[in-house]
Amino acid sequence: MSQTLHKYFTTGEFAKLCHVKKQTLFHYDEIGLLSPEVTNDKGYRYYSYHQFDVFSVIQLLKEVGMPLKDIKLFLKNKTPGELIELLKNKSQEIDIKINHLNSIQKIIQTKIELTERALSIDDSQITLQELEEERLFLSSSILDCSDKGFLKSVSTFIEFIKDNQLDLGYPIGAIVSKEQVKQGDYENYSYLYTRMEQQAPQIACYVKPKGLYVVAYHKGSEELIHETFEKMLDFIHRHNLKLADYTYEEYVLDEISVSSNEEYVTEIMIHVERL
């Protein structure tokens, strides 16, 4: 190697520096994307350290989904202004992806926390608990609606949650009015709901009130949920309590985490007051 090439990398050295195979550099040279700075009369290729920055930008643009042909076109006609515009656009795309991944991470963490909590509960007990208020996003009223109307309301509800990024990983719950509970009409829901954590002033929310709740867990299919409700109403009577307004129910274990609907666990929270 001549003295002038001492400060250049061979193809193998440059490939090792860039953590790619030599074939990648051969391909980039072949398509005119990144060619060696020096090729001697014997055909040996040499890269300068300056080209590492070019290679890094190529890899960066590949990582954000830019095709090699578009990268080549950009590098062929590049100007400082075009570089700034391109990188700003890619930065905005990355921010969108980061926000999306953060939302996915939040959902995953919520699912983990809820499932771990479900494994720690005693589903055989009925308890009286002081619960904090919660912000809920409600569906339109589904009380006494037809099957067709119910499906339409559910679809609209879920689409709104997705479109407005309200899905935090919590299950979709159902609200039953005290009138329906008194009548034993436990599956005639007033609303569906999902919990909201973030402040979203543009989204109207319902506040589940702080207060006393009789809490129980129904294990198995919903066909027998009336049995759990009846036990809870007996508990309410024996402890000199009365129904306040709404009952809230949601799965804590469902088909995501268990294999049979006989293993499903539904948490039921009846808002009550002392007589």
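**Stop 1: the small sheet**

Select Thr39 and Arg45: Arg45, in S3, is the bridge partner of Thr39. Before going on, bear in mind that this is a predicted model, where local features need pLDDT of at least 70 and side-chain atom pairs count only at pLDDT 80 or more, while totals for chains, interfaces and linings use all residues. Residues are numbered from 1 along each chain as its sequence is written, and side-chain values use heavy atoms, with hydrogens and water left out.

Now widen the selection to S2 and strand S3 (residues 45-47), which pair in the antiparallel sense over 2 bridges. (Strands here are DSSP runs of E, at least two residues; helices are runs of H or I, at least four residues; both are numbered from the N terminus. Two strands pair if DSSP finds at least two bridges between them.) Add S1 and you have an open antiparallel sheet of 3 strands, in the order S1-S3-S2. Its edge strands are S1 (9-10) and S2 (38-39), each pairing on one side only.

**Stop 2: two crossing helices**

Show helix H1 (residues 11-18) and helix H2 (residues 22-30). They pack at an angle of about 105°, with their axes 8 Å apart. That angle makes H1 roughly perpendicular to H2, a label that covers 65 to 115 degrees; under 35 is roughly parallel, over 145 roughly antiparallel, and the rest oblique. (Axes are lines fitted to C-alpha atoms, for helices over the stretch in contact, and angles run from 0 to 180 degrees between N-to-C directions.)

Which residues make the contact? Pick Thr11, Gly12, Phe14 and Ala15 on H1, and Lys22, Leu25 and Phe26 on H2. Contact means heavy atoms within 4.5 Å. The residues of this contact divide into 4 nonpolar, 2 polar and 1 charged.

**Stop 3: the big sheet**

Next, colour S4 to S11. These 8 strands form an open antiparallel sheet in the order S4-S9-S11-S10-S6-S7-S5-S8. At the edges are S4 (127-131) and S8, and each pairs on one side only. From one strand to the next, the twist averages 35°.

Walk in from the S4 edge: S4 and S9 pair in the antiparallel sense over 5 bridges, and Gln129 has Tyr213, in S9, as its bridge partner. Two helices pack on the sheet. H5 (residues 80-120) touches S7, S9, S10 and S11, and its direction makes about 110° with that of S10. H6 touches S5 and S7, and its direction makes about 15° with that of S7.

At the other edge, strand S5 (residues 134-138) is joined to strand S8 (residues 206-208) by 3 bridges, the two running antiparallel. Leu136 stands opposite Tyr206 in S8. S5 also pairs with S7 (residues 191-196), antiparallel over 4 bridges; there, Met196 of S7 is the bridge partner of Arg135.

**Stop 4: strand S6**

Is S6 mostly covered or mostly open? Mostly covered: 5 of its 5 residues are buried. (Buried means under 20% relative accessible area, exposed over 50%, partly exposed in between, with a 1.4 Å probe and protein chains only.) Gly173, Ile175 and Ser177 point one way, Ala174 and Val176 the other.

Follow the neighbours: S6 pairs with S7 in the antiparallel sense over 3 bridges, with Ile175 opposite Tyr191 in S7. Another 4 bridges join S6 to S10, again antiparallel, and Ala174 has Glu249 of S10 as its bridge partner.

**Stop 5: Gly211**

Click Gly211, in strand S9. At 10% relative accessibility, Gly211 counts as buried. Gln129, Glu130, Leu131 and His271 are what Gly211 touches, not counting residues up to four places away in sequence. For a sense of scale, draw a distance from the C-alpha of Gly211 to that of Asn89: these atoms, 122 residues apart along the chain, are separated by 50 Å.

**Stop 6: the cores**

Finish with side chains on. The largest nonpolar core has 27 residues, and those with the most contacts inside it are Phe137, Leu192, Val214, Phe229, Ile236, Ile270 and Val272. (A nonpolar core is a set of buried Ala, Val, Leu, Ile, Met, Phe, Trp, Tyr and Cys residues joined through side-chain atoms within 4.5 Å.) Suppliers of at least two residues each include H6 (147-163), S9 (211-219) and S11 (265-274). H8 gives the most, with 5 residues. Apart from this core lies another, of 17 residues, among them Phe14, Leu34, Phe55 and Met66.

Definitions and conventions:
Ala, Val, Leu, Ile, Met, Phe, Trp, Tyr, Cys and Pro count as nonpolar, Asp, Glu, Lys and Arg as charged, and the others, Gly among them, as polar.
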